[in-house]
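Subject: The structure I promised you

Hi,

Here is the structure for you to open and turn around on your screen. Have a look first, then read on for what turned up.

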Amino acid sequence: AELATIARPYAEALFKACAASSGADLAATASWLDELALIADNSQVRQLADNPKVTADQVFDLFVGVARSALPDMARNFLRTVIDNGRIAALSEVAAQFRALVNSRNGSSDAIVHSAFPMEPSALTELSAALEKRFGRKLNLSVQLDPSLIGGVRVVVGDELGVVALAVLPMLQPYLPLDNTFEDDAGTQSLPATSPEPELAT
């Protein structure tokens with residue numbers, strides 16, 4: 001809760017700055033913000049940033065040097081502000097809140113597919129279409145491999161894990177392991193051999 005409170009003004013200020021700038025790209029901003037958050041989450045970077053003998057300029061140079069591509073002026077200015085204020089630890093939460101603001105503006109949501117196996121592009125496309133139909137909005141789908149999953153896939157759209165899993169797993173059956181099980185908040189469940197999409201309460 002504390003990090004969320006700290007991160008909120010940074011996320012909102014960046015969002016407003018993007019909205020006020022005609023040349024700002026929200027998707028591109030979210031991308032470089034995610035990258036800065038990823039760097040900030042590195043334990044060695046965090047340890048260096050917390051070292052009182054290391055200057056703010058040295059921490060800034062480290063971020064810029066590690067970034068995969070050149071940071072735009074807005075990113076560099078934002079990064080300097082975060083470092084000068086000692087808020088590197090909040091960058092991941094800033095990135096999450098910024099994406100939430102972008103999604104709210106675009107009428108979309110982020111969705112994560114946790115899969116025990118790599119998914120073919122065709123399966124991912126089909127899944128994305130089914131989820132967007134189910135939720136009535138555009139979804140920004142990403143895949144995270146998780147070999148520990150019992151039944152192959154777990155889909156998370158916000159906190160609606162169980163609903164999503166029940167709605168889309170029949171469609172995904174050709175891509176699932178033979179045991180046809182999946183994991184949701186209620187534990188391990190079985191998927192029928194043939195199953196139409198169940199009716200779900202909205």
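Let's begin with one residue: is Val 82 buried or exposed? Keep in mind as you look that this is a predicted model.

Val 82 sits in helix 5. Its relative accessible area is 1%, and buried means under 20%, so Val 82 counts as buried. If you want a second residue to find from there, try Phe 60: the C-alpha atoms of Val 82 and Phe 60 are 9.8 Å apart, while 22 residues separate the two along the chain.

**The sheet**

Next, find the strands. There are three of them in an open sheet, in the order 2-1-3, and the pairing is mixed. Strand 2 and strand 3 (153-157) are the edge strands, as each of them pairs on one side only. From one strand to the next, the twist averages 20°.

How do strand 1 and strand 3 pair, in the parallel or the antiparallel sense? They pair in the antiparallel sense, over five bridges. Two residue pairs are handy for finding this on your screen. His 114 has Arg 154 in strand 3 as its bridge partner, and Val 113 has Val 155, also in strand 3. While you are there, a general point helps with reading the picture: in a regular strand, side chains alternate between the two faces of the sheet.

How many of the residues of strand 3 are buried? Four of its five are, so this strand is mostly covered.

**Salt bridges**

Now for the charged side chains. The count comes to four salt bridges, and here are three to look up.

- Arg 68 and Glu 35 meet through their side chains, at 3.2 Å from N to O. This salt bridge links distant parts of the chain: Arg 68 is in the loop between helix 4 (56-66) and helix 5 (73-84), Glu 35 is in helix 2, and they are 33 residues apart. Arg 68 is exposed, because its relative accessibility is 72%. Glu 35, on the other hand, is buried, because its value is 10%.
- Asp 57 and Arg 80 form another salt bridge, with their closest N and O atoms 3.1 Å apart. Again the pair links distant parts of the chain, with Asp 57 in helix 4 and Arg 80 in helix 5, 23 residues apart. Asp 57 has a relative accessible area of 45%, so it is partly exposed. Arg 80 comes out at 35% relative accessibility and therefore counts as partly exposed too.
- Arg 46 and Asp 41 also form a salt bridge, and here the closest N and O atoms are 3.5 Å apart. Arg 46 is partly exposed, because its relative accessibility is 25%. Asp 41 has a relative accessible area of 46%, so it is partly exposed as well.

**Pockets**

Last, the empty space. Rolling a probe the size of a water molecule over the atoms shows where such space is left.

The largest pocket has a volume of about 250 Å³. Its lining is made up of 11 residues, and those nearest its centre are Asp 110, Ala 111, Ile 112, Asn 140 and Ser 142. Which elements give two or more residues to this lining? They are strand 1 (108-115) and strand 2 (138-145). Strand 2 gives the most, with five residues. Sorted by class, the lining of the largest pocket has five nonpolar, four polar and two charged residues.

The second largest pocket holds about 160 Å³ of space. Among the residues that line it are Leu 26, Ala 30, Arg 99, Val 102, Lys 138 and Asn 140. Helix 2 (26-40), helix 6 (91-106) and strand 2 each supply at least two residues of this lining. Helix 6 gives the most here, with four residues. By class, the second largest pocket is lined by four nonpolar, four polar and two charged residues.

One thing to check on your screen is Asn 140, which is one of the residues nearest the centre of the largest pocket and also lines the second largest pocket.

Happy exploring!

Key
Residues are numbered from 1 along each chain as its sequence is written. This is a predicted model: local features need pLDDT of at least 70, side-chain atom pairs count only at pLDDT 80 or more; totals for chains, interfaces and linings use all residues. Side-chain values use heavy atoms; hydrogens and water are left out. On a 1 Å grid over the protein atoms alone, a cavity is a set of points where a 1.4 Å probe fits but cannot get out, and a pocket is an open set with protein on both sides within 12 Å along at least five of seven lines; lining residues have an atom within 4 Å of a point. Grid points are joined across faces, edges and corners, and a volume is the space filled by probe spheres set on the points. Ala, Val, Leu, Ile, Met, Phe, Trp, Tyr, Cys and Pro count as nonpolar, Asp, Glu, Lys and Arg as charged, and the others, Gly among them, as polar. Buried means under 20% relative accessible area, exposed over 50%, partly exposed in between (1.4 Å probe, protein chains only). Two strands pair if DSSP finds at least two bridges between them. Axes are lines fitted to C-alpha atoms, for helices over the stretch in contact, and angles run from 0 to 180 degrees between N-to-C directions.
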